[in-house]
Amino acid sequence: MNYEVTIDALANPTRRAILGRLRGGACSAGEIGSTLTVTQPAVSQHLKVLRQAGIVRQERAGTRRIYRVDPAGLAGLYDWLGEFWDDALKSYKEAMEADDRN
């Protein structure tokens, strides 16, 4: 997946809250919903978007579905943001070198 799909999925504050909840470990949709102020059907819809974006994966555990963060789904966003960091470090290095010359 590319970083744009990830950004679109994470543009919604409820989805970011779900992702934040999943950072603490895998859990069911019901467990996620118990920490949010949206309905269970809304939680399911948000999880669907996060799954389609590749950010979250789902596993079956008997009759339950367990959700967890899929780090591979965040890799494109991480790489894209890393380019900005690389540019910032390069600019900082150039500024320090210019300062040393003066």
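Me: What pattern does the protein chain follow, read along the sequence?
Reply: In this predicted model, the chain runs α-α-β-α-α-β-β-α. That comes to five helices and three strands.

Me: What makes a stretch count as a helix here, and where is helix α4?
Reply: A helix is a DSSP run of H or I with at least four residues. Helix α4 covers residues 40–52. Arg51 has its place there.

Me: Why is Arg51 called partly exposed?
Reply: Its relative accessible area is 31%. Buried means under 20% and exposed means over 50%, with partly exposed in between. Arg51, at 31%, therefore counts as partly exposed.

Me: What makes Arg51 eligible for a surface patch?
Reply: Patch residues need over 30% relative accessible area and no salt bridge. Arg51 has 31%. Arg51 is in a positive patch with Lys48, Arg60 and Arg65.

Me: Why is that patch called positive?
Reply: Lys and Arg count as positive. The patch is formed by Lys48, Arg51, Arg60 and Arg65, so the label is positive.

Me: Which residues form the negative patch?
Reply: Asp79, Glu83, Asp86 and Asp87 form it. Asp and Glu count as negative, hence the name. Asp79 lies in helix α5, residues 71–101.

Me: How do you know how the protein chain compares with a compact globule?
Reply: Set the radius of gyration against the globule rule. A compact globule of 102 residues would have a value near 13 Å, but this chain has 19 Å. The C-alpha atoms fill a box of roughly 70 × 25 × 20 Å along the principal axes.

Me: What share of the residues is buried?
Reply: Buried residues make up 26% of the 102.

Technical notes:
Residues are numbered from 1 along each chain as its sequence is written. This is a predicted model: local features need pLDDT of at least 70, side-chain atom pairs count only at pLDDT 80 or more; totals for chains, interfaces and linings use all residues. Side-chain values use heavy atoms; hydrogens and water are left out. Patches are made of residues with over 30% relative accessible area and no salt bridge: like charges are joined within 9 Å, nonpolar side chains (Val, Leu, Ile, Met, Phe, Trp, Tyr) within 5 Å. Accessible areas come from the Shrake-Rupley method with a 1.4 Å probe; for residues, only the protein chains shown count as cover. A salt bridge is a side-chain nitrogen of Lys or Arg within 4 Å of a carboxyl oxygen of Asp or Glu. The place of a charge is taken as NZ of Lys, CZ of Arg, CG of Asp or CD of Glu. Helices (H or I, at least four residues) and strands (E, at least two) are DSSP runs, numbered from the N terminus. Buried means under 20% relative accessible area, exposed over 50%, partly exposed in between (1.4 Å probe, protein chains only). The radius of gyration is taken over C-alpha atoms; the globule rule is 2.2 Å times the number of residues to the power 0.38.
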